[in-house]
Amino acid sequence: MQITADDEFITSVIIDPVKSDAPTGDHSLLKLAIKQLDEYFSGDRKVFDLPLQQPGTIFQQDVWQHLLQIGYGKTISYAQLSKQMENPLAIRAIAAANGKNKLWIIVPCHRVIGSDGSLTGYAGGLRRKQWLLEHEAQVCGQGQVKLAL
C-alpha cells in the first residue's frame with residue numbers, strides 16, 4: 001500500500017503492486033493514516049477520521065463525497081448512487097469518477113457494485129474488492145457476502 005500526504009492532507013492511498021520509491025519519513029499524517037488503516041483491517045475501525053484532499057472536478061468531488069456516505073459493510077449500485085445524486089443519467093460518469101478516486105478504502109469506492117450485484121471495476125482488482133467487502137461483512141457479523149463475479 002502506498003500512502004501520500006502533504007503538510008495538511010492525506011492525498012492518496014493506493015494498493016501498488018510495484019515497489020514504490022516514494023519517500024518515507026516521520027510524517028505525523030502518514031502515521032495517523034497507517035494507524036487508522038491498521039484499525040480498519042483489524043476490524044476495530046469503521047469510519048476514518050483523516051483530513052483528505054485529492055484533485056478532481058466539482059463533479060468528481062461530489063461523487064467522492066457521496067461515497068463517504070455509504071455505510072461500512074453496505075453496498076450500493078452505480079444506478080442507486082446516480083439516483084441519490086439526483087442525476088440518473090450519469091451512471092457512466094459516476095463510474096468514471098469512482099475509478100479516479102485515489103483514496104482507496106478511506107473513500108470507499110469498493111462499496112459500489114453493479115445493479116445485478118456483480119463486482120465491477122476496481123483499480124486494485126476485483127479480488128481485492130471482494131476481500132474488502134467480505135472483511136466488512138464479517139466484522140458486521142453478516143457472514144460471507146455472496147456477490148456475482
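**View 1. Cys-109 is a buried residue, with a relative accessible area of 5%.** Like every view here, this one comes from a predicted model. To find Cys-109, look in the loop between helix H4 (91-99) and strand E4 (112-113). An unreviewed UniProt entry lists Cys-109 under "active site". Leaving aside residues up to four places away in sequence, Cys-109 touches Leu-67, Asn-98, Asn-101, Trp-104, Tyr-122 and Lys-129.

**View 2. Glu-136 pairs with Arg-111 in a salt bridge.** Here the closest N and O atoms are 2.9 Å apart. This pair links distant parts of the chain, since Glu-136 belongs to helix H5 (residues 126-139) while Arg-111 sits in the loop between H4 and E4, 25 residues apart. Are these two partners buried or exposed? Glu-136 has a relative accessible area of 0%, so it counts as buried. Arg-111 is buried as well, at 4% relative accessibility.

**View 3. Lys-35 and Glu-39 form a salt bridge within helix H1.** Their closest N and O atoms lie 2.6 Å apart. Follow the helix and you will see that the two residues are separated by about one helical turn, because they are four residues apart in H1. Their surroundings are worth a look too. Lys-35 is partly exposed, with a relative accessible area of 46%. Glu-39, at 19% relative accessibility, counts as buried because the cut-off for that class is under 20%.

**View 4. Arg-45 joins Lys-35 and Glu-39 in a network of salt bridges.** Having met the pair in H1, you can now add Arg-45, which forms a salt bridge with Glu-39. In this bridge the closest N and O atoms are 2.7 Å apart. Both Arg-45 and Glu-39 are buried. How many salt bridges does the model have by the rule used here? The count comes to three.

**View 5. Met-1, Phe-41 and Trp-131 make up a nonpolar patch on the surface.** Together these residues have about 310 Å² of accessible area. Phe-41 belongs to helix H1 (residues 28-42), the helix that also holds Glu-39 and Lys-35. With 33% relative accessibility, Phe-41 counts as partly exposed, because that class covers values between 20% and 50%.

Terms used: Residues are numbered from 1 along each chain as its sequence is written. This is a predicted model: local features need pLDDT of at least 70, side-chain atom pairs count only at pLDDT 80 or more; totals for chains, interfaces and linings use all residues. Side-chain values use heavy atoms; hydrogens and water are left out. UniProt positions are given in the numbering used here, feature names are shortened, and annotations may be inferred rather than shown by experiment. Buried means under 20% relative accessible area, exposed over 50%, partly exposed in between (1.4 Å probe, protein chains only). Contact means heavy atoms within 4.5 Å. Patches are made of residues with over 30% relative accessible area and no salt bridge: like charges are joined within 9 Å, nonpolar side chains (Val, Leu, Ile, Met, Phe, Trp, Tyr) within 5 Å. Accessible areas come from the Shrake-Rupley method with a 1.4 Å probe; for residues, only the protein chains shown count as cover. A salt bridge is a side-chain nitrogen of Lys or Arg within 4 Å of a carboxyl oxygen of Asp or Glu.
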